[in-house]
Amino acid sequence: METSAAAAPAGSFFPSFLLLVCGTLVAAVLGAAHRLGLLYRLMHKVDKVSVRHGGESVAAVLRAHGVQFLFTLVGGHISPLLVACEKLGIRVVDTRHEVTAVFAADAVARLSGTVGVVAVTAGPGLTNTVTAVKNAQLAQSPVLLLGGAASTLLQNRGALQAIDQMSLFRPLCKFCASVHRVRDIIPTLRTAMAIAQSGTPGPVFVELPIDVLYPYFMVQKEMVPPIRPKGLMGRGVSWYLENHLANLFAGAWEPRPEGPLPLDIPQASPQQVQRCVEILSRAKRPLMVLGSQALLPLTPAHKLRAAVETLGVPCFLAGMARGLLGRNHPLHIRQNRSAALKKADVVLLAGIVCDFRLSYGRVLSRSSKIIIVNRNRKEMLINSDIFWKPQEAIQGEPLMPHTCAPSGPSPPGFCCSWLELGSGPCPMGYPVS
């Protein structure tokens, strides 16, 4: 009786063990099939006769996003996308140095309100851009850097001009991605364009290996030997190369949306706006400082100017905000900024931070009420633990005209006495409602 009782659990152990082994094997096989791309290719075929190439996908996304200029220094790694952009009417501007190409794209981004786009070849072509990319990061300028790279099969194998480009640009860019399949070009670029403009704008980097940009027949010629090897090892290598090639182009030309993704632009809450309105309405010596970020998209310059004139608050203009009010606007003060900031009872800092340009905040009076508006919360509060303290810190777009109401000329003391530091007559502005 004891022997049969002990045998029963042992007999039930083997089926469970076999089930576990079979399940593990099935999972391993499915995992290997997934990594090799075999499962994906069951539903997405490879078009081996098409002469289309990945450069056309790049150009299609850029055109769908309204890009008009592509700056470059021509190189073999990126030639297909340059040809495709030109065919779609995107003007390709060839520069003499890669850093110049990025500076030009940065300028287009600032002046046009769109993403500036630049394409350079692998290795030294990309390293030459570092200074200009860092400049775009500091300027919060949305720039898309497209970089060539060695083929996906030769990554980390000592290919021509092959370096670790991703590690180089991660500290400089908001988003870095390397495309490893032709079908990933469109979604990756759409994501990069959206991230470049969302939140605090800045540069993004997309690496495009050479074999995702050229057509199938050319990549096949370079990758797969024309004569099949006879040995077992040779056949295995040949199968691996053919499988890699198939994964590169599987589902490459299936229709995909190319247009812009929604942007994530921080906005001030109604409660924050109301508190600012109340602070400004009680001010006797208000002052405003507008910086470069105030002119970033999606804030058109004419709307920002209308907001400034509606507020009727004297202001200093800095960075890209210079010229916003024209040459002789009565609200624009040009001299004695430090003295004016010390005497103001309310200071509105829009799109500017308390860095060296404002003496790290030391030019602000501790008795003043400070309102600061900026998309980047970390930068917005820089040095606030030492030299200054904000009354209201708003992460979002600058205040727009709808926060004020045109209820008549500015009352005495609201701006007229304050403009003694500037020049010109008191403007017929509107007090804050």
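**Exercise 1. Decide whether Y360 is buried, partly exposed or exposed, and describe its backbone.**

Step one is the class: Y360 has a relative accessible area of 37% and therefore counts as partly exposed, where buried means under 20% relative accessible area, exposed means over 50%, and partly exposed lies in between (1.4 Å probe, protein chains only). Step two is the location, which is the loop between β9 (346-350) and β10 (369-374), with strands (E, at least two residues) and helices (H or I, at least four) taken as DSSP runs numbered from the N terminus. Step three is the backbone: although Y360 is not a glycine, its phi is positive, at about 60°.

The model is predicted, so local features need pLDDT of at least 70 and side-chain atom pairs count only at pLDDT 80 or more, while totals for chains, interfaces and linings use all residues. Residues are numbered from 1 along each chain as its sequence is written, and side-chain values use heavy atoms, with hydrogens and water left out.

**Exercise 2. Find out how many aromatic pairs the structure holds, and characterise the one formed by Y216 and F249.**

A search of the whole structure gives 3 aromatic pairs, counted when the ring centres of Phe, Tyr or Trp (its six-membered ring) lie within 6.5 Å, with planes under 30 degrees apart called stacked, over 60 edge-to-face and the rest tilted. In the pair of Y216 and F249 the centres are 5.3 Å apart and the planes stand at 75°, which makes the pair edge-to-face. This pair links distant parts of the chain, since Y216 belongs to helix α9 (residues 216-223) and F249 to helix α10 (residues 232-249), 33 residues apart. Y216 and F249 are both buried.

Helix α10 also contains A246, which counts as buried because its relative accessibility is 12%. From A246 to Y216 the C-alpha to C-alpha distance is 9.2 Å, with their positions 30 residues apart in sequence.

**Exercise 3. Locate L213 and state which residue lies 7.3 Å from it, C-alpha to C-alpha.**

L213 is placed in the loop between β6 (204-209) and α9, and its relative accessibility of 0% is why it counts as buried. The residue sought is I78, which is 135 residues away from L213 in sequence.

**Exercise 4. Describe the volume and the lining of the largest pocket.**

The volume is about 540 Å³. On a 1 Å grid over the protein atoms alone, a pocket is an open set of points with protein on both sides within 12 Å along at least five of seven lines, a cavity is a set where a 1.4 Å probe fits but cannot get out, and lining residues have an atom within 4 Å of a point. Among the 21 lining residues of the largest pocket, L138, A139, S292, D355 and R357 are the closest to its centre. Helix α6 (residues 130-139) supplies the largest share of this lining, 4 residues. By class, the lining has 8 nonpolar, 9 polar and 4 charged residues.

**Exercise 5. Work out which residues line the largest cavity, and examine Q140.**

There are 3 cavities of 30 Å³ or more, and the largest has a volume of about 90 Å³. Its lining includes A109, R110, A139, Q140, S141 and S292. Q140 lies in the loop between α6 and β4 (143-149), and its relative accessible area of 7% is why it is buried. Phi of Q140 is near 55°, a positive value in a residue other than glycine.

Terms used:
Points joined across faces, edges and corners; volume = space filled by probe spheres on them. Nonpolar A, V, L, I, M, F, W, Y, C, P; charged D, E, K, R; others polar.
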